[in-house]
Amino acid sequence: MSKRDYYEVLEITKSASADEIKKAYRKMAIKYHPDKNPGDKAAEEKFKEAAEAYEILSDEQKRARYDQYGHAGVGGNGGFGGGGFGGGMNMEDIFSQFGDIFGGHFGGGGFGGFGGGGHQQVKGSNLRIRIKLNLEEMVNGTQKTLKVKKMKVAEGATSKTCPTCNGSGVQVKVMNTMFGQMQTQTTCGTCQGMGKVADKIPAGANAQGLIKDEEEITINIPAGARDGIQLNVRGKGNDAPFGGTPGDLLVIVEEEADKVIKREGDNLHQELYISFAEAALGAKKEVPTVGGKVKITIEAGTQSGKILRLAGKGLPSIDSYGKGDMFIHINVWTPQKLTKEQKEFFETQMSSGEMVAEPSGKEKTFFDKVKDLFN
């Protein structure tokens, strides 16, 4: 099932301001909130869908990538990876990130005890790495196994209920005023709202029982990846202390420059040098493409600067079903050193007038060639 456009989900236009996006999400979230629609799976999915749309459109960088590349520009499954909200993000995750947007509705934004009162959901921090891909890997997709240094729960580390707040994550203070007693609630200063504190800390671990370690992680790169796209590997970031949820691993794709093939959008270009004899007599040549080598025909009388077009041999378009093209730029190589016999041959041809430049007037100018590329 194809994903709906994020603007359509929130019922806004592409020119909507940040404030309009927030208001639209709040409206949808309240409409489909699980507390208001108990047991309604369809409403729950719409609630998750709206949260996913808001997560992308409320972030300027993610919104810019989405506007340019669509769903593929934000990992293909929204900013959360792992299938977006519908595939892995649960209600606790949504409320831990966006709970404050509900204001006073539904008991302060909670659902099943999340987002409002009670201890905060502990989540590990995200990790960010860069990975270089060559053109073939970007076109066809690939799998990479990397060793990543991350914070992990140290073996033997344990936690206990916070003695200050008794695991609630909050401290309640009662003040006597002229109007009577007033009660205020603040985040617990001992556990910072987590409800737990470290009990046993192994040697080498930090105050939260975490230690830096190395983990081997396999990353699946989808076909059609582009330079600058960020992929999200859910749950492979730093561990959270006290049994919380691990953070995510954010993988930024970098294009590795190819020595022969140059990319321009979805189109690919390469230079092909041929000898004077091959240009005059014609020849068969083999050229590399991202799908393997292909044979092309150089026609007799080919002029230097001619451009050959191999349709569909470029990169798959990220926002359509088509593919770009490969353009072969022909350069006739003029020999810089000649043997005695070769030199005598060319001198004879020049003196006899057999080999002289005789333009027919039908030759294409540089601007004609550029125009042809876009036709």
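The following paragraphs describe the fold of the protein chain in a predicted model, from its overall make-up to individual sheets, a helix, the nonpolar cores and selected loop residues.

The protein chain contains eleven helices and 15 strands. Of its 375 residues, 36% are buried. Among the contacts whose separation is 6 or more, 63% are accounted for by residues 24 or more positions apart.

Two of the sheets were examined in detail. One is an open sheet of three strands, arranged in the order S1-S9-S8 with mixed pairing. Its edges are formed by strand S1, residues 127-133, and strand S8, residues 230-233, each of which pairs on one side only. Neighbouring strands of this sheet are turned against each other by 30 degrees on average, with direction ignored. S8 is joined to strand S9, which spans residues 249-255, by four bridges in the antiparallel sense, and within S9 it is Val251 that serves as the bridge partner of Leu231.

Another open sheet is built from four strands in the order S10-S11-S15-S14, and its pairing is likewise mixed. Here the edge strands are S10, residues 262-264, and S14, each pairing on one side only. The average turn between neighbouring strands of this sheet is 30 degrees, direction ignored. S14, covering residues 307-310, and S15, covering residues 326-333, pair in the antiparallel sense over four bridges. The bridge partners found in S15 include His329 for Ile307 and Phe327 for Arg309. In a regular strand the side chains alternate between the two faces of the sheet. This alternation is found along S14, where Leu308 and Leu310 point to one face and are buried, whereas Ile307 and Arg309 point to the other face and are not buried.

Helix H4, residues 60-69, has a distinct buried side. Lys62, Arg63, Arg65 and Tyr66 of this helix are buried. These residues lie on the same side of H4 because they cover an arc of only 165 degrees around the axis. The face turned away from the buried side of H4 carries Glu60, Gln61 and Gln68, which are exposed. The cover over the buried residues of H4 includes helix H1 (6-10), helix H2 (18-31) and helix H3 (41-57), together with strand S8. At the start of H4, a side-chain oxygen of Asp59 comes to within 3.0 Å of the backbone nitrogen of Gln61. After the helix comes Gly70, which has a positive phi near 75 degrees.

In soluble globular proteins, nonpolar side chains tend to be buried together. In this model, the largest nonpolar core comprises 22 residues, of which Tyr6, Leu10, Ile12, Ile21, Tyr25, Leu57 and Tyr66 touch the most other members. H1, H2 and H3 are the elements that contribute two or more residues to this core, and the largest share, eight residues, is supplied by H3. A second, separate core consists of 18 residues, including Ile261, Ile298, Leu308 and Ile328. Tyr66 of the largest core is thus also one of the buried residues of H4, and Leu308 of the second core is one of the buried residues of S14.

Three loop residues complete the description. Ala154 is located in the loop between strand S2 (142-153) and strand S3 (158-161). Because its relative accessibility is 7%, below the 20% limit, Ala154 counts as buried. When residues up to four places away in sequence are not counted, Ala154 touches Pro202, Ala205, Gly209, Leu210 and Ile211. The C-alpha atom of Ala154 is separated by 8.5 Å from that of Gly204, although the two residues are 50 residues apart along the chain.

Most residues other than glycine have a negative phi. Glu11, in the loop between H1 and H2, instead has a positive phi near 60 degrees. Its relative accessible area of 58% places Glu11 among the exposed residues. Asn166, in the loop between S3 and strand S4 (170-177), also has a positive phi, of about 55 degrees, although it is not a glycine. With a relative accessible area of 63%, Asn166 is exposed.

Key
Residues are numbered from 1 along each chain as its sequence is written. This is a predicted model: local features need pLDDT of at least 70, side-chain atom pairs count only at pLDDT 80 or more; totals for chains, interfaces and linings use all residues. Side-chain values use heavy atoms; hydrogens and water are left out. Two strands pair if DSSP finds at least two bridges between them. Axes are lines fitted to C-alpha atoms, for helices over the stretch in contact, and angles run from 0 to 180 degrees between N-to-C directions. Buried means under 20% relative accessible area, exposed over 50%, partly exposed in between (1.4 Å probe, protein chains only). The arc is that of the directions from the helix axis to the C-beta atoms. Contact means heavy atoms within 4.5 Å. A polar contact is a pair of N or O atoms within 3.5 Å; within protein, one must be able to donate a hydrogen and the other to accept it, and residues adjacent in sequence count only if both atoms are side-chain atoms. A nonpolar core is a set of buried Ala, Val, Leu, Ile, Met, Phe, Trp, Tyr and Cys residues joined through side-chain atoms within 4.5 Å.
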